[in-house]
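Biologist: Please take me through the reasoning behind the terms used for this model. I should like each label set against its criterion.

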Amino acid sequence: DFVLTENHMVFVRADSQINQRSGLKALLGRGAFAAAVDIDNEQPNSQVVLVPRVGKLVSLSEGKSCAEIKIDGTDLRIKVINVPYHFNFHFSNAFENEQGEVVFDSIQTEKMQLGIDEMKEGNTALR
């Protein structure tokens, strides 16, 4: 999920990986896509990533296409801010205040929990 302000795309990242076996099962209609995502709820930080909106990014990109620009800390226009760990479920609003700070509202939880663990354990009441 992400949200837009006048000048930025805002993403929140929690450390996660795709479980290839579960992902393949989901693609074949034999499992849930949510079950394919392994979230590490023990990480100390999540990251708020502020990316200039495409028109602003392309005009400053020195001839690079948007696909060539990486969020690896080398592009100073992309801001990566460590915040206390949380799973960001959905955004509801975002704007830039008079001081130019990005402000956003979101639904957060300390631990991603979608009932997938119960499904993996064979609890058929959740299927």
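Biologist: How many helices and strands does the protein chain have?

Modeller: The model is a predicted one. Its protein chain has 3 helices and 8 strands, and along the sequence they follow the pattern β-β-β-α-β-β-α-β-β-β-α.

Biologist: What makes β1 and β6 edge strands?

Modeller: The open sheet consists of 4 strands in the order β1-β2-β5-β6, with antiparallel pairing. Strands β1 (2-4) and β6 (79-84) each pair on one side only, and are the edge strands. From one strand to the next, the twist averages 20 degrees.

Biologist: How do you know that β5 and β6 pair?

Modeller: Two strands pair if there are at least two bridges between them. Strand β5 (residues 45-52) and β6 have 6 bridges, in the antiparallel sense, so the criterion is met. Within this pairing, N45 stands opposite P84 in β6. In general, strands of a sheet pair through backbone hydrogen bonds.

Biologist: Why is L27 called exposed?

Modeller: The term exposed requires over 50% relative accessible area. L27 has a relative accessible area of 64%, and therefore counts as exposed. This residue lies in helix α1 (residues 20-27).

Biologist: Which residues make the nonpolar surface patch that includes L27?

Modeller: The patch is made by L24, L27, L28 and F33, and covers about 480 Å². A patch residue needs over 30% relative accessible area; L27, at 64%, satisfies that part of the criterion.

Biologist: Why does I107 count as exposed?

Modeller: I107 has 51% relative accessibility, and the limit is over 50%, so the residue is exposed. I107 is found in strand β8 (residues 102-109).

Biologist: Which residues does I107 touch, leaving aside those up to four places away in sequence?

Modeller: I107 touches F87, N88, F89 and H90; a contact here means heavy atoms within 4.5 Å. As for H86, its C-alpha atom is separated from that of I107 by 9.9 Å, and the two residues are 21 apart along the chain.

Biologist: What share of the protein chain is buried?

Modeller: Of the 127 residues, 28% are buried, the term being reserved for residues under 20% relative accessible area. The protein chain exposes about 9,000 Å², of which carbon and sulfur atoms supply 50%.

Biologist: What percentage of the contacts with a separation of 6 or more comes from residues 24 or more positions apart?

Modeller: Such residues account for 61% of those contacts in the protein chain.

Terms used. Residues are numbered from 1 along each chain as its sequence is written. This is a predicted model: local features need pLDDT of at least 70, side-chain atom pairs count only at pLDDT 80 or more; totals for chains, interfaces and linings use all residues. Side-chain values use heavy atoms; hydrogens and water are left out. Helices (H or I, at least four residues) and strands (E, at least two) are DSSP runs, numbered from the N terminus. Axes are lines fitted to C-alpha atoms, for helices over the stretch in contact, and angles run from 0 to 180 degrees between N-to-C directions. Patches are made of residues with over 30% relative accessible area and no salt bridge: like charges are joined within 9 Å, nonpolar side chains (Val, Leu, Ile, Met, Phe, Trp, Tyr) within 5 Å. Accessible areas come from the Shrake-Rupley method with a 1.4 Å probe; for residues, only the protein chains shown count as cover. A salt bridge is a side-chain nitrogen of Lys or Arg within 4 Å of a carboxyl oxygen of Asp or Glu. Buried means under 20% relative accessible area, exposed over 50%, partly exposed in between (1.4 Å probe, protein chains only).
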